[in-house]
Amino acid sequence: MSGTEGLQQVLAHGASADLALGIDTRLTLVATGLIFLSALVLGTWKYHGIRTSPEGAAHIYVDIAHRAALMYAFAGLVLAVFTELSAWPTAVNLIADAVVFAFFVGAIATYAWHGYRRDTTNQFHGDIDTSLRLTMFALIAGEIGGFLVLFAGFLVGQF
């Protein structure tokens with residue numbers, strides 16, 4: 001059953017019907033939950049940094065990792081809605097979600113790694129190598145492209 005069919009079934013049977021989310025939406029919510037859990041753990045690390053630092057602040061990249069994980073978790077909820085309401089096949093939605101989430105998780109992990117290593121306060125300052133530039137172009141294309149696939153599926157399915 002596609003996400004849209006599940007929603008239509010709920011609407012057809014009244015408010016007491018069980019909400020049957022598509023597997024693509026459920027997996028998106030699992031990824032979102034894991035990212036939110038990572039935000040909570042990163043928040044604990046950030047708190048530890050604030051409490052133990054002479055400056056009273058966690059390393060900038062621990063702070064960035066925490067905030068990014070929080071924002072990406074809520075962005076994941078937005079993706080789940082567009083996934084559920086998309087007209088595209090489950091596989092297309094899953095691939096689009098997986099691309100976006102791969103970049104979300106990669107960014108959080110990179111920020112946490114810099115926070116752990118305390119090796120920089122700005123990974124883009126000065127000369128950056130070609131691999132970082134290419135990674136950023138891929139991130140831009142992947143996140144925007146993945147969302148556009150879901151958004152287009154929503155528009156096709158709902159209008």
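Helices are taken here as DSSP runs of H or I with at least four residues, numbered from the N terminus. Under this definition, alanine 152 lies in helix 5. The model described is a predicted one. The protein contains five helices and zero strands, and its elements follow the order α-α-α-α-α from the N terminus on. Of the 159 residues in the protein, 36% are buried. Among contacts with a separation of 6 or more, 76% are accounted for by residues 24 or more positions apart.

The packing of helix 3 with helix 5 was examined next. Helix 3 spans residues 60–84, and helix 5 covers 130–158. The axes of these two helices are 8 Å apart and form an angle of about 35 degrees. On the side of helix 3, the residues that take part are Tyr72, Leu79, Phe82 and Thr83; their partners in helix 5 are Glu143, Phe147, Leu150, Phe151 and Phe154. Seven nonpolar residues, one polar residue and one charged residue make up this contact. Alanine 152 of helix 5 has its C-alpha atom 9.1 Å from that of phenylalanine 82, although the two are 70 residues apart in sequence. Alanine 152 counts as partly exposed, because its relative accessibility of 29% falls between the 20% and 50% limits.

The largest nonpolar core comprises 22 residues, of which Ile35, Tyr72, Phe104 and Ile108 touch the most other members. Two or more residues are given to this core by each of helix 2 (23–52), helix 3, helix 4 and helix 5. In soluble globular proteins, nonpolar side chains tend to be buried together. For phenylalanine 104, the contacts beyond neighbours within four places in sequence are Ile35, Tyr72, Ala75, Leu79 and Glu143. Three of these names recur in the contact between helix 3 and helix 5, namely Tyr72, Leu79 and Glu143.

Valine 105 lies in helix 4. This valine is partly exposed, because its relative accessible area is 45%, a value between the two limits of 20% and 50%. The C-alpha atoms of valine 105 and isoleucine 35 are separated by 7.6 Å, with their positions 70 residues apart along the chain.

The largest pocket holds about 190 Å³ of space. Its lining consists of Tyr72, Phe103, Gly106, Ala107, Thr110, Tyr111, Gln123, Phe124, Leu132, Thr135, Met136 and Leu139. Helix 4 (90–117) and helix 5 are the elements that supply two or more residues to this lining. Helix 4 provides the largest share, five residues. By class, eight lining residues are nonpolar and four are polar, while no charged residue is present. Tyr72 belongs to the pocket lining and is also a member of the largest nonpolar core.

The loop between helix 4 and helix 5 contains arginine 118. The backbone of arginine 118 has a positive phi of about 55 degrees, although this residue is not a glycine. Most residues other than glycine have a negative phi. Arginine 118 counts as exposed, because its relative accessibility of 57% is over the 50% limit.

Key: Residues numbered from 1 in each chain as written. Predicted model: local features only at pLDDT ≥ 70, side-chain atom pairs only at ≥ 80, totals over all residues. Heavy atoms only, no water. 1 Å grid on protein atoms, 1.4 Å probe; cavity = no way out; pocket = protein on both sides within 12 Å on 5 of 7 lines; lining within 4 Å. Points joined across faces, edges and corners; volume = space filled by probe spheres on them. Nonpolar A, V, L, I, M, F, W, Y, C, P; charged D, E, K, R; others polar. Buried < 20%, exposed > 50% of the residue type's maximum accessible area, 1.4 Å probe, protein only. Axes fitted to C-alpha atoms, helices over the stretch in contact; angles between N-to-C directions. Contact = heavy atoms within 4.5 Å. Core = buried A, V, L, I, M, F, W, Y, C linked by side-chain atoms within 4.5 Å.
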